[in-house]
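Got a minute to walk through a fold together? Take a look at the structure below, and then we'll go through some questions about how it packs.

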Amino acid sequence: MTHTIMEFHHVEQRFGDNVVLKDINFAIEAGKFYTLLGPSGSGKTTILRLIAGFDRPTSGEIDFAGQKINDVPANRRQVNTVFQDYALFPHLNVAENIAFGLQIKGVTKNEITTRVREALHLVRLDGYDQRPITAMSGGQRQRVAIARAIVNRPQLLLLDEALSALDHKLRVEMQAELRQLQRRLGITFIFVTHDQEEALAMSDQIMIINDGIIQQSGTPVDIYDEPLNHFVADFIGESNIVPAIMKDDYLVTINGQNFTCVDAGMRPNEKVEVVIRPEDLDITTIDQGQLTVTVDTQLFRGVDYQITAHDRDNHEWKINSIHKTRVGAQVGINFDPEDIHVMRYHENEQEFDARLGNYEEGK
Ligand code: ADP
Ligand code: MG
């Protein structure tokens, strides 16, 4: 059975006049892998610092296991953090680094030895106890930092851009390892990253933050298939985001043409945006296609061709196709009703009209 271990209720954080978090609400269930995903400066570290107890929120309530913990100091929370720079002590060896927190808590020597060994085993560093930190590689230091956090047996482990300093290959390996470690330990992880691929690959649940607001929460598949707004659609994966008019339930006008879709429940003639993923577009002949485009670039990527093209109104289309075409060729593109994802439009209406205007005049 899942249960909630941590909740934010209407949490706001200000630094002077700067409102860095605006009305943050979420619930964290025990035993899952969460990722807090967002661009630099969006408020991710600020949220982690509130969870860890390094800062107090300006307003709102933070609960742990059903109790309000706004005023509980960091050292009394069952939360540990792995920082991006690891923050290891260079003058201590591996075992001493991991044992440090336990010594401060007054845990017995025997118990410390057992737990350090256990933690080293979990991060696959058996036998490295006496190594100086300075003799460890980047990937090994990363593991020591994780061992130092899990040796405290926290209920919640926070990892702030914990893999960002590693090179690509090691980083992908560590993603898989971290995921396995989380499953073995059964501890709740909140992993912070600005890398959407990393978030999609690792998480049970993703919370996407931008500008101090949670934009969307859900499983990786939910978020990829059903982005709630322009920001999410643009940030997650590659996408074509096109202004459109929702004529009626299941009928949307894109580029002056009507298309059947699977969305309903908007006002008639509501201004919307549609998201069509590049991999959902098929290239065909002009007479078989729903839209005609001219190919601008084509890049072979091994599994497919990454193609950019423009329509008659000069809007760009990104297409990922297993079929080759030719730069300069006029081709048709097709997509299925279920590949059209309709989003409500809340942004700048003038900007929307200008983008849509091009389409209307192009007729
Ligand atoms: P992220 O981790 O997503 O990159 P942060 O949470 O570190 O973003 O920061 C969010 C915003 O809050 C940034 O604009 C940052 O400059 C500001 N900020 C963070 N900490 C402080 C602070 N102690 N004082 C003033 N501004 C801060
Ligand atoms: Mg940060």
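**Helix packing and cores**

Q: How do the axes of H2 and H4 sit: roughly parallel, roughly antiparallel, roughly perpendicular or oblique?
A: Keep in mind that this is a predicted model. The axes of H2 and H4 come within 8 Å of each other, crossing at roughly 30°. Angles under 35 degrees count as roughly parallel, so H2 and H4 are roughly parallel.

Q: Is the crossing of H2 past H4 left-handed or right-handed?
A: The handedness depends on which way the near helix is turned from the far one, with clockwise counting as right-handed. For H2 passing H4, the crossing comes out right-handed.

Q: How many of the residues in the contact of H2 with H4 are nonpolar?
A: From H2 come Val94, Asn97 and Ile98, and they meet Val144, Ala147 and Arg148 of H4. Sorted by type, the contact has 1 charged residue, 1 polar one and, for the nonpolar ones, 4.

Q: Which helix gives the most to the largest nonpolar core?
A: That core has 36 residues, and Val82, Ile98, Val144, Ile146, Leu157, Leu159 and Leu178 have the most contacts inside it. At least two residues each come from helices H2 (94–105), H3 (109–122), H4 (138–150) and H5 (168–185), and from strands S7 (156–160) and S8 (188–193). The top contributor, with 6 residues, is H4.

Q: How many residues are in the other core, the one with Val274?
A: This one lies apart from the largest core, and its members include Val274, Leu291, Val295 and Val342. Its residue count is 27.

Q: Which residues does Leu159 touch, leaving out those up to four places away in sequence?
A: Leu159 is among the residues with the most contacts inside the largest core. With the sequence neighbours left out, its partners are Leu48, Val82, Ile146, Leu178, Phe189, Ile190, Phe191 and Val192.

Q: How many of the 9 residues in H1 are buried?
A: Helix H1 spans residues 44–52 and is mostly covered. The buried ones are Lys44, Thr46, Ile47, Leu48, Leu50, Ile51 and Ala52. That makes the count 7.

Q: Why does Ile47 count as buried?
A: Ile47 is found in helix H1. Leaving aside neighbours within four places, it is in contact with Phe8, Leu21, Ile24, Phe26, Leu36 and Ile209. The cut-off for buried is under 20% relative accessible area, and Ile47 qualifies because its relative accessibility is 0%.

Notes
Residues numbered from 1 in each chain as written. Chains lettered and ligands numbered in written order. Predicted model: local features only at pLDDT ≥ 70, side-chain atom pairs only at ≥ 80, totals over all residues. Heavy atoms only, no water. Core = buried A, V, L, I, M, F, W, Y, C linked by side-chain atoms within 4.5 Å. Buried < 20%, exposed > 50% of the residue type's maximum accessible area, 1.4 Å probe, protein only. Helix = DSSP H or I, 4+ residues; strand = E, 2+ residues; numbered from the N terminus. Contact = heavy atoms within 4.5 Å. Axes fitted to C-alpha atoms, helices over the stretch in contact; angles between N-to-C directions. Parallel < 35°, antiparallel > 145°, perpendicular 65-115°, else oblique. Nonpolar A, V, L, I, M, F, W, Y, C, P; charged D, E, K, R; others polar.
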